[in-house]
Amino acid sequence: MALAFVFPGQGSQAPGMGRDLAAAFPAAREVFEEVDEALKQTLSRLMFEGPAEELTLTANAQPALMAHSVAVLRVLEKEGGFDLATRVALVAGHSLGEYSALTAARAFDLSTAARLLRLRGEAMQKATPAGVGAMAALLGAELDQARALCEAARTDPETGKAEVAEVANDNGGGQVVISGHKGAIDRAVAAAPGAGIKRAMPLPVSAPFHCSLMAPAADAMAEALEKAAIAAPVVPVVANVSAGKATEPAGIRDLLVRQVTGTVRWRECVAAMAGMGCDRFAELGAGKVLTGLMKRNAPEATAVAIGNPADIEAFLKTL
C-alpha cells in the first residue's frame, strides 16, 4: 500500500484552525511563530481567533492554510518519528495547497512559502478590479459540459463583446468550477439547467481565480519565483496544471506560474496518483474537502483528514 499526502486549498480556512495543535505541540507552535515572523504579522492569532472575514481575505487565507498543513506534518515528524521521504510516495495540493505540498517535500523552506503565498494572494486580489470577475460551481457536470457551457457564455449578447469564461477547477465527482468575467459567468449559471447540469451556484470569492484574467498575478509570481530558492523535492509532487510528477526546480517554477491562470486538474491528479499505486491518501491541514472528493475520485482508496491532535494520534496508530 502506497501513501500520498494531499493539501487543501482556499475555502478550508476557519477561525480556530491550528489552535489545538499549537496548544498541544511545541513543533506546531514553532511553525506558526516562523510564519508570523516571515510575514511580520501575527497571522497565528488571526487563525486561532478570527475574525472570519479577515482570515478569509486571500492574502491571509493562503499562508494560513499552508501553515496549518505544515504544522500537522512537523508534529507527525517530531512527535511520531514520521519520515515523509521514506513513508510517502507522492504529494499534491489543491491550488495554493501545491505550495504546502512543495514545503512538505522540502522544495521550499517555510518562510519562503509563507512570503510567496502572501504575494500570490495579494497579486490575485489586485489582478482584477472588484466586481469585474466571478466564479461558480457546477454540480452534476462533467468537464466537457462545463467547457461547452463556458464557450456558449463568452459573448455578451447585447454588445457582441467577447468575455472570459473558463474552467478553473476540475474537481471530479461531477464538480467543476468556472471562472471569468461576471457577465459571462452569470450567463453560464443561467444556462446551466438547460445544458443538463444539475445545479450551478455563484461562489462567494473576491476574485476570478485560475483563469486568464489572472495574467497580471502570473507575471508577479514569475518574478517572485525567479528569485526564490527551490530545491528538488524529496518526493515527487503531482502538479495541478500537468497532473504529472514534478521533480526538477526549473520545472516546478514554470508549473507554479502556469497554475495561476491554468485549470486545477484535481480529478486527473488523483487518477494519476492512483495509477502510480497510491491507495491511501491523507489530507493534512484544515477541513476535509479533499477527503470528501477522494471518495468520489478514487473510491477504492482509503482517505483520512489529519488536522488536530486526535487525528494525528489516530493516524500514527495505523502505521
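Q: What makes E4 and E5 a strand pair?
A: Two strands count as paired once there are at least two bridges between them. In this predicted model, strand E4 (residues 165-172) and E5 are joined over six bridges, in the antiparallel sense. That clears the cut-off, so we can call them paired. One place to look is Ala 165, which stands opposite Gly 180 in E5.

Q: What does the chain do between E4 and E5?
A: E4 and E5 form a hairpin, with two residues between them. Gly 173 sits in that turn and has a positive phi of about 65 degrees.

Q: How do you know that strand E3 pairs with E5, and in which sense do they run?
A: Set the bridge count against the cut-off again: at least two are needed, and seven bridges join E3 (residues 133-139) to E5. The pair therefore qualifies, and the strands run antiparallel. Here Ala 136 stands opposite Ile 178 in E5.

Q: Why is strand E5 called mostly covered?
A: Buried means under 20% relative accessible area, and five of the seven residues in E5 (residues 175-181) are buried.

Q: Which residues does the second, separate core include?
A: First, the other one: the largest nonpolar core has 79 residues, and among those with the most contacts inside it are Phe 5, Leu 84 and Val 91. Helix H5 (residues 58-80) gives the largest share of this core, 10 residues. The second, separate core has 19 residues, including Ala 136, Ala 146, Ala 165 and Ile 178.

Q: What is Val 91 in contact with, leaving aside its neighbours within four places in sequence?
A: With that restriction, the contacts of Val 91 are Phe 5, Phe 7, Leu 84, Ala 101, Ala 105, Val 235, Pro 236, Val 237 and Val 238.

Q: Why is the Glu 163 and Arg 187 pair called a salt bridge?
A: The cut-off is a side-chain nitrogen of Lys or Arg within 4 Å of a carboxyl oxygen of Asp or Glu. For Glu 163 and Arg 187 the closest N and O atoms are 2.8 Å apart, so the pair makes the grade. Glu 163 lies in the loop between helix H9 (143-153) and E4, and Arg 187 is in helix H10 (residues 182-191), so the pair ties together parts that are 24 residues apart in sequence.

Q: Is Glu 163 buried or exposed?
A: The relative accessible area of Glu 163 is 16%. Buried is under 20%, so Glu 163 counts as buried.

Q: How do you know that Arg 106 and Asp 83 belong among the salt bridges?
A: Their closest N and O atoms are 3.8 Å apart, and the limit is within 4 Å, so the pair is in. Arg 106 is in the loop between helix H7 (97-104) and helix H8 (110-126), while Asp 83 is in the loop between H5 and helix H6 (84-87), 23 residues apart. A search of the whole structure finds 10 salt bridges.

Q: Why is Arg 106 called partly exposed?
A: Buried is under 20% and exposed is over 50%, with partly exposed in between. Arg 106 comes in at 43%, so partly exposed is the label. Asp 83, at 28%, gets that label too.

Q: What makes the phi of Arg 106 worth a look?
A: Phi of Arg 106 is near 65 degrees, a positive value in a residue other than glycine. Most residues other than glycine have a negative phi. Ala 243 also has a positive phi, near 55 degrees. Ala 243 is found in the loop between strand E7 (237-238) and strand E8 (245-246), and at 12% relative accessible area it is buried.

Q: What makes the peptide bond from Gly 50 to Pro 51 stand out?
A: Most peptide bonds are trans. The one from Gly 50 to Pro 51 is cis, with omega near 10 degrees. Pro 51 is in the loop between helix H3 (43-49) and helix H4 (52-55).

Q: How do you know whether His 210 is buried or exposed?
A: The relative accessibility of His 210 is 3%. The bar for buried is under 20%, so His 210 counts as buried. Its place is in the loop between strand E6 (199-202) and helix H11 (215-227).

Q: What does the side chain of His 210 reach?
A: The side chain of His 210 reaches the backbone oxygen of Gln 259 at 2.7 Å. A polar contact needs N or O atoms within 3.5 Å, and that distance fits. Not counting residues up to four places away in sequence, His 210 also touches residues including Ser 95, Arg 120, Asn 169 and Thr 261.

Methods: Residues are numbered from 1 along each chain as its sequence is written. This is a predicted model: local features need pLDDT of at least 70, side-chain atom pairs count only at pLDDT 80 or more; totals for chains, interfaces and linings use all residues. Side-chain values use heavy atoms; hydrogens and water are left out. A nonpolar core is a set of buried Ala, Val, Leu, Ile, Met, Phe, Trp, Tyr and Cys residues joined through side-chain atoms within 4.5 Å. Buried means under 20% relative accessible area, exposed over 50%, partly exposed in between (1.4 Å probe, protein chains only). Helices (H or I, at least four residues) and strands (E, at least two) are DSSP runs, numbered from the N terminus. Contact means heavy atoms within 4.5 Å. A polar contact is a pair of N or O atoms within 3.5 Å; within protein, one must be able to donate a hydrogen and the other to accept it, and residues adjacent in sequence count only if both atoms are side-chain atoms.
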